[in-house]
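Hi,

Here is the structure I promised to pass on. Have a look at it first, and then read my notes underneath.

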Amino acid sequence: MAFHLSFFKPGQYIFHGGERSDRAYIIEKGSVEILTEDNSDVIHTLSSGELFGEMGVLDQSVRSTAAKAKTQVTLLEIKPEQITDRLNDTDPIIQALIGVLLKRLRALLPKNGDTPDADLLSHVATVIEQSGLSKFRLESELRTAVNSEKVQTVFQPIVDLSTNRVAGFEALSRWLHPKLGVISPFEFITLAEETDMIIEVGSLVFNRAIDLLSQLPDSVFITINVSAKQLNSAEFLPAISQRLADNDINPKRLKLEITETMMVDIKQAAQWIERCHQAGFRVCADDFGTGYSGLQQLIDLSFDVLKIDQVFIRSVLTNEVNRTLVEAMVTLAKKLGMQLVAEGIEHEAQHKLLQEMTVDYGQGYYYGKAMSISDVLAQMSQLFSD
Ligand code: C2E
Ligand code: CA
Ligand code: CA
């Protein structure tokens, strides 16, 4: 579902009073007049970046105003679900507050030639704008980007520290935005997780990972980051299993990374891991050491791989406490039969120290940044020759 732009000529009505409120709009270009229901007065003139038409969508009532293009305008349409799904997910008190505000706002709308309270209206407009308008636009753009494959998947090498050879890759997402450039997954993954788009982003990632796995030697693995919504979806694991089977790939070559912050509900986490194991996948505890989980949780959950978070590696040479913590993680992981990956290795000295500590794998800019599938394939003979 791509986001939809609509265009209006000066003087053309966008909607009339009394019509069904089937969408809201953000003005991309031009200016729009909001009129009283009977078109007799201009209440407000809105320009680029502003939202309108959301009131009827919020309380599912008919339009209590009319909207007319003042100049040539381009509008970005916001679907009711984009607003109402979020509203349904919010605290009931916030829902009630929005209800009250809407009622007050409607009472303020001029009827029969009254003059509107321009100050209050502009204040409300500012509040609405600051409360995530740009997010709506970004969400729509992300949807388009996912559909047109502008969300890319890159692969960062993971090196076997006993042989210094590339043993696998972590799949990471990148969004190439036409105006904003490369947007970090820290920003858009959270946005995607708030909606169901993470499912679509996730399928892009695993389809590409499987595509790459089918072209790499059998000994090479790929790890992918998964979100709670994916793991909670009944179709997720069967879909990957099917794709792997179709391509004749052993599921052990695909490892699923779960961040420590996803493990707040230990029973839930145990279930996820169990289901992944049943499907034949290995499971990694990502960003280990930064979340809430304690040692007991780690012992209770049967992870196959522990990824030591970058914060510990960054200062492993200079900070005695962090170095002791890394040593403790190594001892613990070995006792529990888990493999270890140290993330964020940038310097040779860190690489050497972690090698001495008998950490199994290293990942970081020292070995290489994430690269496109075609770069991985072009370097294949270098990466995997004997
Ligand atoms: P992560 O899983 O911890 O991934 C490692 C991050 O550290 C990546 O950032 C990687 O580029 C960066 N990195 C690797 N080596 C070094 C290094 O030596 N130094 C430094 N400073 N950074 C290094 P990136 O790609 O920006 O990803 C950020 C996070 O976004 C990831 O953290 C992961 O949690 C999430 N993410 C990325 N792609 C996906 C995805 O497709 N799905 C989901 N659910 N999450 C994703
Ligand atoms: Ca990860
Ligand atoms: Ca990590």
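Below is what I found, going from the whole protein to the ligand and then to three single residues.

Before anything else, please keep in mind that this is a predicted model.

**The protein as a whole**

The protein has 386 residues, and 45% of them are buried. If you count the secondary structure elements, you get 16 helices and 17 strands. The C-alpha trace spans about 80 × 45 × 40 Å along its principal axes. As for the surface, about 19,400 Å² is exposed, with carbon and sulfur atoms supplying 53% of that area. I also looked at how contacts are spread along the sequence: taking those between residues at least 6 apart, 71% join residues that are at least 24 apart.

**The ligand**

Where does ligand 1 sit? You'll find it in the largest pocket. The shell around ligand 1 is made of 20 residues, and the closest are Ser 173, Arg 174, Gln 310, Glu 346 and Tyr 365.

Which elements each supply at least two residues of that shell? They are β10 (165-177), α6 (185-194) and β14 (282-288). Strand β10 gives the largest share, with 4 residues.

A few polar side chains are worth clicking on. Gln 156 has a side-chain N or O atom 3.0 Å from a nitrogen atom of ligand 1. For Glu 170, a polar side-chain atom lies 3.1 Å from an oxygen atom of the ligand. Asn 225 also places a polar side-chain atom 3.1 Å from a ligand oxygen. On its own, ligand 1 has 800 Å² of accessible area, and the protein covers 87% of that.

**Glu 77**

Now for the single residues. Glu 77 is part of strand β8, which runs over residues 73-78. Is Glu 77 buried or exposed? Its relative accessibility is 10%, so it counts as buried, the cut-off for buried being under 20%. The side chain of Glu 77 makes a polar contact with the side chain of Arg 23, at 3.0 Å. Leaving out residues up to four places away in sequence, Glu 77 touches His 4, Ser 6, Arg 23, Ala 24, Tyr 25 and Gln 82.

**Arg 243**

Arg 243 belongs to helix α9, residues 236-246. With a relative accessible area of 31%, Arg 243 is partly exposed, because that class takes in values between the buried limit of 20% and the exposed limit of 50%. Apart from neighbours within four places in sequence, Arg 243 is in contact with Phe 206, Asn 207 and Ile 210. If you want to see how far it is from one of the residues that Glu 77 touches, try Gln 82: from C-alpha to C-alpha, Arg 243 and Gln 82 are 31 Å apart in space, and 161 residues separate them in sequence.

**Lys 150**

Lys 150 is in a loop, the one between α5 (133-147) and β9 (151-160). What is its relative accessible area? The value is 44%, so Lys 150 is partly exposed. Its contacts, again without neighbours within four places in sequence, are Ala 145, Arg 174, Trp 175 and Leu 176. One of these, Arg 174, is also among the residues closest to ligand 1. Phe 312 lies 162 residues from Lys 150 along the chain, and their C-alpha atoms are separated by 33 Å.

Have fun exploring it!

Definitions and conventions:
Residues are numbered from 1 along each chain as its sequence is written. Chains are lettered from A and ligands numbered from 1 in the order in which they are written. This is a predicted model: local features need pLDDT of at least 70, side-chain atom pairs count only at pLDDT 80 or more; totals for chains, interfaces and linings use all residues. Side-chain values use heavy atoms; hydrogens and water are left out. Buried means under 20% relative accessible area, exposed over 50%, partly exposed in between (1.4 Å probe, protein chains only). A polar contact is a pair of N or O atoms within 3.5 Å; within protein, one must be able to donate a hydrogen and the other to accept it, and residues adjacent in sequence count only if both atoms are side-chain atoms. Contact means heavy atoms within 4.5 Å. A residue is near a molecule or strand if one of its heavy atoms lies within 4 Å of it. Accessible areas come from the Shrake-Rupley method with a 1.4 Å probe; for residues, only the protein chains shown count as cover. On a 1 Å grid over the protein atoms alone, a cavity is a set of points where a 1.4 Å probe fits but cannot get out, and a pocket is an open set with protein on both sides within 12 Å along at least five of seven lines; lining residues have an atom within 4 Å of a point. A molecule sits in a cavity or pocket if more than half of its atoms lie within 2 Å of its grid points.
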